[in-house]
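Here is a friendly walk through one protein chain and its ligand. Keep the model open beside the text as you read.

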Amino acid sequence: MSKKANLKIDFCGVHFENPFLLSSSPVGNHAEMCARAFDAGWGGIVYKTLNLEKTFKVVMPSPRLNALNYGDKRFIGLQNAEQITDRSINDNITDIAALKKKYPHKVLVSSLMGFNDEDWRTLARMSEDAGADMLELNFSCPQMARKDAGHRVGQDSDIVSYITSVVKKASRLPVMAKMTPNITDMVPIAVAAKKGGADAISAINTIKAITDIDINALTPLPNIHGNSSATGFSGPAAKPIALRFVSDLYNAKNLNLPVSAIGGIEKWTDALHFILMGGRTVQVTTAVMRYGYRIVEDLIEGLSDFMLDRDITSIESLIGRAAQKLTDPSEFNTRYQVVSVINQDKCIGCGQCYISCQDGANQAIKFDSGLRKASVDEERCVGCTLCKHVCPVWDCVSTREVDTRDQRHAAVF
Ligand SMILES: Cc1cc2nc3c(=O)[nH]c(=O)nc-3n(C[C@H](O)[C@H](O)[C@H](O)COP(=O)(O)O)c2cc1C
């Protein structure tokens, strides 16, 4: 067996053998599934959100999924119209207890959604009695129409603070509040959860979105017997938005709580990105729905090799390292400038950079139609790097630092 880096991490006093968790969703729906996930190597599981069925009847529409495809790229994101668990509370609690008995060293987080104080208290106590290690409060399901549940609650600081305090009084377990991204600024909501006693924040839940429209039926997808709805979007295409929210939480000076980062993680590099932006653990759903539990092997191996290659001995030392580099745009050093450099040996003469620069940038690419080669007019180039991003050859266009823009532009204009 190849050497592995130390991937252990403590989160709110709970010990994880690695930072990789399944996030609350169908991938952690019952004991048999969770057992297979633990056997595959996941360090923890956030169980599918529990509900006391006497207060709220869950409706699972059919069809309830639609993948976002782009050109020949399939499944770059996923829209779902699913609510919380439709299994009975007794079945779920029995499963949680059985899992903790069989896997005492794995972490099981119980995700809860109540519809009144007593619901929240009961769900918290039942989870604790069953042996759950932590609680996650679902303040973020976008498919809840009721004002007193899901993302509607998650947009109201007072209610978030209040419910968190109700749960904290009912249970001794560490509590993580799961945030909705369907809001401009997540930080005040996370701070409200902290005020209520939250020990950690998880983010993000799914983003309300519309992925496609059937142009024959003139109906958005998923087409649920003639109707549809803007519902939760997840997967790789959601990652940039998730990274932004996670770094907001990490950098918030008035928060200072550990973050469990979620949103579009598929490869070990995605997981590392979230850790570098402030995640202490990371959670995954959509990639598991697509590829299965086995992706955890690549997550473990990739992150481990990265750390071994660089003599990094703990995940702790990576947390937030890139988030610290975020500044307000007004603080950018605007005297710093690069220009593009086109590698003549690699240029295939397609002219894409020329067209893009002509019509979408600064007319700084020269194209020799005889030789079929592109080159850069450095006097005009402002270093926007559009050419580098549209070039179909990955490493054909690079950049080079030049003298400050004031001196150079004086010559052009
Ligand atoms: C089909 C589906 C069902 C989900 N159900 C829940 C749920 O019951 N509770 C919850 O907190 N989040 C739920 N989520 C949200 C995920 O836990 C996660 O926050 C989101 O999908 C983003 O992560 P991903 O891009 O790795 O999927 C669900 C997501 C999907 C795709």
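The report below goes from the domains to one sheet, then to the ligand and one helix.

Please keep in mind that this is a predicted model. The domain assignment of the protein chain gives two stretches, domain 1 (9–325) and domain 2 (333–412). Taken over C-alpha atoms, the centres of domain 1 and domain 2 are 42 Å apart.

**The sheet**

Let us turn to an open sheet of 4 strands, whose order is 5-6-14-11 and whose pairing is antiparallel. At its edges stand strand 5 (65–70) and strand 11, each with a single partner strand, so one side of each has no neighbour in the sheet. From one strand to the next, the twist averages 45°.

Strand 14 (residues 231–234) is a good place to look at the pairing in detail. Strand 6 (residues 73–80) runs antiparallel to strand 14, and 3 bridges join the two. Strand 11 (residues 207–209) is likewise antiparallel to strand 14 and is joined to it by 3 bridges. The table lists some residues that face each other across these pairings.

| Residue | Strand of this residue | Partner in strand 14 |
|---|---|---|
| Asparagine 80 | strand 6 (residues 73–80) | glycine 232 |
| Isoleucine 207 | strand 11 (residues 207–209) | phenylalanine 233 |
| Alanine 209 | strand 11 (residues 207–209) | threonine 231 |

As a reminder for viewing, side chains in a regular strand alternate between the two faces of the sheet.

**The ligand**

Which residues come nearest to the ligand? Of the 28 residues around the ligand, they are Ser23, Ser25, Ser234, Thr285 and Thr286. Strand 6, strand 14 and helix 9 (286–291) are the elements that each give two or more residues to this shell. Two of these elements, strand 6 and strand 14, are therefore also members of the sheet described above, where they are joined by 3 bridges. By class, the shell is made up of 16 polar, 9 nonpolar and 3 charged residues.

**Helix 1**

Finally, have a look at helix 1 (residues 31–40), whose buried residues are Cys34, Ala37 and Phe38. Why do these residues share one side of helix 1? Around the axis they cover an arc of only 100°, which puts them on the same side of the helix. Glu32 and Asp39 lie on the other side of helix 1, and both are exposed. Colouring the buried residues Cys34, Ala37 and Phe38 apart from the exposed Glu32 and Asp39 lets you view the two sides of helix 1 together.

How values were computed:
Residues are numbered from 1 along each chain as its sequence is written. This is a predicted model: local features need pLDDT of at least 70, side-chain atom pairs count only at pLDDT 80 or more; totals for chains, interfaces and linings use all residues. Two strands pair if DSSP finds at least two bridges between them. A residue is near a molecule or strand if its C-beta atom, placed from the backbone, lies within 6 Å of it. Ala, Val, Leu, Ile, Met, Phe, Trp, Tyr, Cys and Pro count as nonpolar, Asp, Glu, Lys and Arg as charged, and the others, Gly among them, as polar. Domain bounds come from an automatic or database domain assignment. Axes are lines fitted to C-alpha atoms, for helices over the stretch in contact, and angles run from 0 to 180 degrees between N-to-C directions. A residue is buried if 20 or more other C-beta atoms lie within 10 Å of its own, exposed if 12 or fewer, and partly exposed in between; C-beta atoms are placed from the backbone. The arc is that of the directions from the helix axis to the C-beta atoms.
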